[in-house]
Amino acid sequence: MMIIMRADATQEEISAVVERVEANGLRAHLSRGEERTIIGAIGDGRPINRDQFLILPGVDRIVPISRPYKIASREFSPHNTVFPLDGVEIGGEGVVIIAGPCSVESREQTLEIAQAVKEAGAHALRGGAYKPRTSPYSFQGLGEKGLEILAEAREVTGLPIVTEVMSPELVPLVARYADVLQIGARNMQNYALLHAAGESMRPVVVKRGMSATVEELLMAAEYVLSHGNRRVILCERGIRTFETSTRNTTDINAVPVLKALSHLPVVLDPSHSTGNWEYVTAIARAAVAAGADGLMVEVHTHPDQALSDGGQSLKPERFAEMVRQVRAIARAIGRDVARSQHTQPVLQGAAP
Ligand code: PEP
Ligand code: MN
């Protein structure tokens, strides 16, 4: 349930409510709005006597949250969650573009692609140092060496880094290098990993499992949020269906559905959702038209030599064209591609 405090509630009254929430074995999640504070009281579903809160000074009313996910739900926060990713805001008006190779393969490859995606207008660099591969004999990623390369790419380009973490023990290490921790589709229900990512307090992008429902994705996000880590991004990356003409089926419905059910930013990954570079731009346009707050796209300067997912990676020129088309779609629906301090240098003395 949510305990809505009166606009004139004092700090002491808020603290007293939090204490009572915790005395009941519930967790208190504070949300300080411009007008009033809302206290989310979250338990394990056991019945709680609500009247004990209603009589406390400063309490206005109590609103139950009907969904199984609580902090992730629109009921918890009617306003969109917006937060900065080192120079660019996600969840707001601007569409954020995260781009880069599937895997970090070498220093030269990563720096070259990082520079290319930056020039084309990307706001953040993606690239896996730890790769979840279907075959144990496929390239598994460079590990910490890959993280070091990503850190160098950030230094050179200024782009924040999004990179996957596959096990809870590695979260502290990856969090030292990454600006955003990526939870991959195969790990969406790795609860120990979700707990560790929540504890890290780093922004987290949770990718939808290939056979996960929208509700299961939101429950995965809830794990991260339950640690007080509010900077969570939801990612639709295609689901497995009977259709075999593409690697996955883009669940475009998930974009407006997630936006309706949750206040969290929603991004779409057209690379994994199609598995074929030829369809990536069309689905990127569709994602933005459907209301996505961002895109996560695989780009490679030499896709034919890529160690993973070359067939779905755009070459930089095609990626630049995708950005142009996505910008046109964003403008057509009253949005735009996000402004970033890295991609759009602010001129001294220029009008805002
Ligand atoms: C990736 O982003 O490279 C990746 C492995 O994605 P997913 O977890 O969606 O398959
Ligand atoms: Mn990939």
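## A manganese site and a nonpolar core

The manganese ion (ligand 2) is held at 2.0 to 2.4 Å by Cys-102 (SG), His-272 (NE2), Glu-298 (OE) and Asp-309 (OD). Donors here are N, O and S atoms within 2.8 Å of the metal (3.2 Å for Na, K and Ca), and water is not among the atoms, so sites may look incomplete. This is a predicted model: local features need pLDDT of at least 70, side-chain atom pairs count only at pLDDT 80 or more, and totals for chains, interfaces and linings use all residues. Residues are numbered from 1 along each chain as its sequence is written, chains are lettered from A and ligands numbered from 1 in the order written, and side-chain values use heavy atoms, without hydrogens and water.

Along the sequence, the donor residues follow the spacing C-x169-H-x25-E-x10-D. Two of these donors sit in named elements (DSSP runs: helices are H or I of at least four residues, strands E of at least two, numbered from the N terminus). Because His-272 and Glu-298 lie in the elements below, the pair ties together parts that are 26 residues apart in sequence. Buried means under 20% relative accessible area, exposed over 50%, and partly exposed in between (1.4 Å probe, protein chains only).

| Donor | Element | Relative accessibility |
|---|---|---|
| His-272 | helix α9 (residues 270–274) | 8%, buried |
| Glu-298 | strand β14 (residues 294–298) | 0%, buried |

Now for Leu-181: among the residues it touches (heavy atoms within 4.5 Å) are Val-165, Ala-197 and Pro-203.

For residues 87–327, the unreviewed UniProt entry lists "domain: DAHP synthetase I/KDSA"; UniProt positions use the numbering here, feature names are shortened, and annotations may be inferred rather than shown by experiment. This stretch is 40% helix and 15% strand, with its end C-alpha atoms 19 Å apart.

Definitions and conventions:
Lists of a residue's contacts leave out its neighbours within four places in sequence.
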